[in-house]
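Reader: Hi! I'm new to this one and would love a quick tour. Could you show it to me?
Author: Happy to, here it comes.

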Amino acid sequence: MVEPEEESQTQAIPPKSKNIVDDREAALMEFDLDLDAFSDRPQFSSCIPDLEREIPRENEDKRMLTSPSLGLEPVEYPDAYCLIKEKITQALRHLKELTDQHVLAQFWAPVKSGGRYVLTTSGQPFGLDPHANGLHQYRMVSLMYMFSVDGESDGMLGLPGRVFQQKLPEWTPNVQYYSIKEYPRLGHAQHYNVQGTLALPVFEPSGRTCVGVLELIMTSPKISYASEVYKVCKALEAVSLKSSEILDHTSMQIQICNEGRQTALTEILEILTVVCETHKLPLAQTWVPCMHRNVLAYGGGLKKSCTSLDGSCMEQVCISTTDAAFYIVDAPMWHFREACVEHHLQKGQGVAGRAFLSRNACFCGDITQFCKTDYPLVHYARMFKLTSCFAICLQSTRTGNDDYILEFFLPPSITDSYEQQTLLGSLLAIIKNHFQSLKVASGIILEEEGLVEMVQASTNKGLDSRLECIRIPR
């Protein structure tokens, strides 16, 4: 990345809107871009934050920018506003020293525009690789966008808006897997070959107030973001800012704490192995309830972090994969498995999350139709062409109420519903025949038939589901 953009000392007081226009024009000239390319975009100038209009007039007490609907603490203006910009600029310098990757890093900050609170990257610090022309162009495109975050608009949040509102990180191996509603810049991303992207919420030191979103953009696919998240967090810590608190990646292994759990996982691994080898399934893995949970601190932010990088378990019981029981047949699935390790699923998310919610069995014929909210790993499923998925929630008599969710990905070549149901029956038969200490968590007994929740993405929003009896062959 190049040296992050920084405002000069003469701009300690936020500039008027005219100065912002001048700054942007200077930036365009610096990157040798053709201004005529944007001449047919009248919204380009309208998206420049009008700080003169946005800044509340100074009253007898103090000047501040507040947003009660977001739960934000008042941020004094202009000193605090400028201080955040200075800190982000310094953090980008630290990030530049920590990585040699070709990325565009840009900061999105909340401002008030026409009585609404929006996120904008206009006039905010950024850094980018001077040799990646597509990233230069995409930076200019991003300046045209503002995302409403006040909860009072039907407008699209976009990636920065979701991260800011939820105060949770979000990333994807390729933004081109998003829908236009999930990622309004999709057309521009396709044009400039933008792919891997990571967005992290940025908190002030106490963790109570989210002051913005730091977005890292790449022109190549990216599967694992553990290293990038760690580096960004270190860069923010160096300037007394923070992002979602994350435990070390090595602590994400689910520990085998007793002999009973070890026995149960050994029994599960045998089932996964037999199923995958018999039916040539590309991947099977086990999810278990997380050993850590997020707790909301007063006023927002994370007080204690889950072991997942995305912090998705806030106030929720979630599940994570265990390295003690999984089986891979196809070599490319190692990369998908790596992505699964970095994500946790809440109850109801994905097929495994649905099985955990019902404490029974669940099947989906095409998981690639899920939206990212319903299945955080959907982009990876699309990348690795995984479609059909079956999961079942089990318990062991050796470990009491401990839940184990076994997840099986069917061969992508099996698309016929009759073939899928026949295969499900065979899977249930193998699971049943290998039961020793294991049983279905809901208490349902597998005999001649198994009760399975069949889910699919709804044409409107969310998921449609129905219960179906699957015949189990002898």
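**A helix under cover**

Author: Let's start with α6: the elements covering its buried residues include β3 (104–113), β4 (116–120), β6 (146–148), β7 (170–172), β8 (197–203) and β9 (210–217). Keep in mind that this is a predicted model.

Reader: Which residues of α6 are the buried ones?
Author: They are Gly158, Leu159, Pro160, Gly161, Arg162, Val163 and Phe164. Because seven of the nine residues in α6 (residues 158–166) are buried, the helix is largely enclosed by the rest of the structure.

Reader: And what comes just after α6?
Author: Lys167 sits there, with a positive phi of about 55°.

Reader: Okay, zooming out. How many helices and strands are there in the protein?
Author: The protein has 13 helices and 20 strands. Of its 474 residues, 55% count as buried. If you look at contacts between residues at least 6 apart in sequence, 68% of them join residues at least 24 apart.

Reader: What about the surface the protein exposes?
Author: That comes to about 20,900 Å², with carbon and sulfur atoms supplying 49% of it.

Reader: Back to helices. At what angle do α9 and α13 pack?
Author: The angle is about 145°, and the axes of α9 (residues 259–279) and α13 are 10 Å apart. The crossing of α9 past α13 is right-handed.

Reader: Which residues meet there?
Author: From α9 you have Ile271, Val274, Val275, Thr278 and His279, and from α13 there are Leu423, Ser426, Leu427, Ile430 and Ile431. A helix has 3.6 residues a turn, so residues three or four places apart point the same way.

Reader: Where does Ser437 lie?
Author: Ser437 is in the loop between α13 (417–433) and β18 (438–440).

Reader: Is Ser437 buried or exposed?
Author: Buried: its relative accessible area is 6%, and the cut-off for buried is under 20%. Leaving out residues up to four places away in sequence, Ser437 touches Glu267, Gln395, Ser396, Thr397 and Arg398. With Ser396, the side chain of Ser437 also makes a polar contact of 2.9 Å.

Reader: Last thing: what is the mean pLDDT of the protein?
Author: The mean is 78, and 73% of the residues reach 70 or more. Over residues 247–255, though, pLDDT is below 50, and that stretch has 21 contacts in the model beyond near neighbours in sequence. Residues 292–305 also stay under 50, with 49 contacts beyond four places in sequence.

Reader: How should I treat places like that?
Author: Where pLDDT is low, the predicted coordinates should not be read in detail.

Definitions and conventions. Residues are numbered from 1 along each chain as its sequence is written. This is a predicted model: local features need pLDDT of at least 70, side-chain atom pairs count only at pLDDT 80 or more; totals for chains, interfaces and linings use all residues. Side-chain values use heavy atoms; hydrogens and water are left out. Helices (H or I, at least four residues) and strands (E, at least two) are DSSP runs, numbered from the N terminus. Buried means under 20% relative accessible area, exposed over 50%, partly exposed in between (1.4 Å probe, protein chains only). Contact means heavy atoms within 4.5 Å. Accessible areas come from the Shrake-Rupley method with a 1.4 Å probe; for residues, only the protein chains shown count as cover. pLDDT is the predictor's confidence in each residue, from 0 to 100. A polar contact is a pair of N or O atoms within 3.5 Å; within protein, one must be able to donate a hydrogen and the other to accept it, and residues adjacent in sequence count only if both atoms are side-chain atoms. Axes are lines fitted to C-alpha atoms, for helices over the stretch in contact, and angles run from 0 to 180 degrees between N-to-C directions. A crossing is left-handed if the near helix is turned anticlockwise from the far one by less than a right angle, and right-handed if clockwise.
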